[in-house]
Structure formats: structure tokens, C-alpha cells
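Hello,

Here is the structure I promised to pass on. My notes follow it.

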Amino acid sequence: MSEPIIEIQHANIYQGNNLILQDVNLTVNKGEFVYLVGKTGTGKSSLLKTLYGELPLTEGESTVAGFTLKKMDWRKVPFLRRNLGVVFQDFQLLTDRNVNENLKFVLKATGWTDARLMDEKIQDVLEKVGLKAKGFKMPFELSGGEQQRVDIARALLNSPKLILADEPTGNLDPETSDEIMNLLFHISRDFNTTILMATHDYIVVQKFPARMIRTERGRVIDNATITIE
Ligand SMILES: Nc1ncnc2c1ncn2[C@@H]1O[C@H](COP(=O)(O)OP(=O)(O)OP(=O)(O)O)[C@@H](O)[C@H]1O
């Protein structure tokens with residue numbers, strides 16, 4: 001039976017005082033891969049930010065990975081984040097430390113203390129993204145695709161059931177984009193992880209088809225189809 005991991009009902013999404021998306025209704029089930037498409041500036045990032053607690057939800061209802069977002073106490077946001085993985089376009093790795101130390105930094109920040117367990121977890125996520133031998137590399141020694149893999153490894157550290165990805169292929173060439181999409185589909189399939197991925201790259205969407213949600217003129221349209229712009 002399908003079990004929701006994201007539920008949004010009658011939500012209005014704001015940036016400051018500006019209403020960006022109106023009356024958003026959406027359900028995403030456990031294990032699904034879903035694209036969030038739409039022209040630049042139509043609110044994809046704003047919707048994702050609401051789901052990971054960076055933008056407050058003040059109007060409407062939403063639960064994400066078991067957390068109720070409406071007027072969520074900011075002190076609860078770290079607990080929400082521990083149950084999610086977030087992947088960004090620009091990798092956001094700490095440039096002054098190697099891959100292992102980048103990952104250890106996140107583990108410590110999310111409450112891990114046992115050094116052996118942390119090392120095991122780091123090996124585990126690096127293996128999942130195909131970077132087993134790269135733990136001692138500095139970010140600047142990695143290609144864009146490898147840096148994006150580290151970003152995905154980082155998102156996997158707390159074994160989330162939901163990954164929110166904001167334009168994860170945005171900075172990559174087409175071949176590397178394909179590799180990252182194969183990796184994300186593999187993670188979704190093999191670990192039953194839900195992935196909601198914002199993109200405006202229709203080539204990626206056509207090549208790796210999945211359910212599509214579109215932001216358009218202040219609304220969110222479910223089961224959208226591709227319109228070439
Ligand atoms: N921090 C902010 N403060 C005020 N307005 C913002 C802020 N961030 C985004 N906006 C506005 O909100 C609207 C939606 O932006 P958003 O980044 O969510 O769109 P997007 O679909 O993700 O765009 P892109 O594909 O370019 O990332 C835009 O009009 C943008 O100017």
C-alpha cells in the first residue's frame with residue numbers, strides 16, 4: 001500500500017510578503033521518484049525550502065517525513081533535517097578539508113560521536129556513490145561530477161527516507177548529468193528512498209522519465225507533461 005512521505009494541503013508559499021505559490025496540494029509516497037519542473041523563478045526552490053524548513057509554512061498544512069511544518073518551532077528544524085537529505089546544484093562542500101572530513105563534519109553536527117561508527121558510515125556512503133577511493137581528496141581535486149557525488153553521499157549520511165534535490169545536474173555537462181541521474185535512480189530504487197528533484201533540464205527529464213509536478217503561474221500542477229519552452 002502506498003504510504004505518503006510528503007503531504008501538502010492548501011499551502012500558500014511566500015518569500016517575505018510575496019505569495020509565490022498558491023493553494024498547493026501534493027502527495028508524494030515512500031519510494032517515489034518525482035520531478036519538480038517549471039520555468040526559472042516559478043517557485044521550485046521556494047517549495048523545496050518550505051519542505052526542508054528554511055521557509056516557514058504559515059498557511060495550509062504539510063507533513064514531511066513525519067514532521068508537521070505549520071508554524072514549526074525553529075528548534076525542531078535540525079530534527080527535520082536529520083530525517084532528510086538535501087542536495088544542491090553548487091555542491092556546497094567545505095573547501096578547507098578533504099572528503100572524509102566533510103562527511104565527518106556533518107555526522108558530528110547531527111549528533112554522531114563514536115569515531116569507528118562514523119568511519120564505517122563514511123565508507124558506506126562513499127561506496128554507495130562510487131567514490132570509495134576518494135575520501136582523502138580535497139574538493140578542489142575532484143571533478144564537478146565527483147563533487148556532486150560527495151554532496152549526494154553527504155545527503156545519505158543519516159539514511160534518509162526522503163531526498164530533496166535542487167537542480168543537482170545544473171552545473172554538470174550532459175554525460176556527467178547522466179551519471180548523476182543513474183546514481184539518483186539507483187538510490188531511489190535500491191534503498192526505497194523518495195527523491196523529489198527540482199530541474200529545468202528537460203533533456204534529463206525525457207531521458208529518465210518519472211512523475212512530474214510543475215510550478216506554473218503561481219500554482220503547482222501534478223502529473224504534468226513536458227512542454228518544450
Ligand atoms: N530570498 C528571497 N527573497 C525574496 N524573494 C525571493 C527569494 N528567493 C526567491 N525569491 C523570489 O521567489 C520567486 C521564486 O523563486 P524560486 O527560486 O523559488 O524559483 P525557482 O523556480 O526555483 O527558480 P530557479 O529555477 O531559477 O532556481 C522568484 O520571483 C524569486 O525572485
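The cover over the buried residues of H3 includes helix H4 (115-128) and H5. This is a predicted model. The buried residues in H3 are Val 99, Asn 102, Leu 103, Lys 104 and Leu 107. Just after H3 comes Gly 111, with a positive phi near 100 degrees.

**H3 against H5**

Helix H3 (residues 99-109) and helix H5 (residues 144-156) have axes that come within 10 Å. They cross at roughly 30 degrees. An angle under 35 degrees counts as roughly parallel, so H3 is roughly parallel to H5. The crossing is right-handed. From H3, the contact uses Val 99, Asn 102, Leu 103 and Val 106. From H5, Val 150, Ala 153 and Arg 154 take part. By class, the residues of this contact are five nonpolar, one polar and one charged.

The spacing along a helix is worth keeping in mind here. An α-helix has 3.6 residues a turn, so residues three or four places apart point the same way.

**H5 against H6**

H5 has a second helix contact to look at, with H6. The axes of H5 and H6 come within 10 Å and cross at roughly 20 degrees. H5 and H6 are therefore roughly parallel to each other. H5 passes H6 in a right-handed crossing. On the H5 side, the contact is made by Gly 144, Gly 145, Gln 148, Arg 149 and Ile 152. On the H6 side, Thr 176, Glu 179, Ile 180 and Leu 183 make it. This contact has three nonpolar, four polar and two charged residues.

**The core**

The largest nonpolar core holds 54 residues. Which of them touch the most other members? They are Leu 36, Val 125, Ala 153, Leu 164, Ala 165 and Met 197. Take Val 125. Leaving out residues up to four places away in sequence, Val 125 touches Leu 103, Ala 153, Leu 156 and Leu 157. Leu 103 and Ala 153 also belong to the contact of H3 with H5.

**Loops**

Look at Thr 95 next. Thr 95 sits in the loop between strand E6 (84-87) and H3. Is Thr 95 buried or exposed? Thr 95 has 10 other C-beta atoms within 10 Å, and 12 or fewer counts as exposed, so Thr 95 is exposed. Thr 95 still touches Pro 139 and Phe 140, not counting residues up to four places away in sequence. Thr 95 and Phe 140 are 45 residues apart in sequence. In space, C-alpha to C-alpha, they are 7.2 Å apart.

Two loop residues other than glycine have positive phi values, and I would like you to see both.

- Ser 159 has phi near 45 degrees. Its place is the loop between H5 and strand E7 (162-166). Ser 159 is partly exposed, with 13 other C-beta atoms within 10 Å.
- Asn 192 has phi near 55 degrees. Its place is the loop between helix H6 (174-190) and strand E8 (194-198). Asn 192 is exposed, with 11 other C-beta atoms within 10 Å.

That is what I have for now.

Best wishes

Note on methods
Residues numbered from 1 in each chain as written. Predicted model: local features only at pLDDT ≥ 70, side-chain atom pairs only at ≥ 80, totals over all residues. Core = buried A, V, L, I, M, F, W, Y, C linked by C-beta atoms within 7 Å. Buried ≥ 20, exposed ≤ 12 C-beta atoms within 10 Å, placed from the backbone. Contact = placed C-beta atoms within 7 Å. Axes fitted to C-alpha atoms, helices over the stretch in contact; angles between N-to-C directions. Helix = DSSP H or I, 4+ residues; strand = E, 2+ residues; numbered from the N terminus. Parallel < 35°, antiparallel > 145°, perpendicular 65-115°, else oblique. Left-handed = near helix turned anticlockwise from the far one by under 90°. Nonpolar A, V, L, I, M, F, W, Y, C, P; charged D, E, K, R; others polar.
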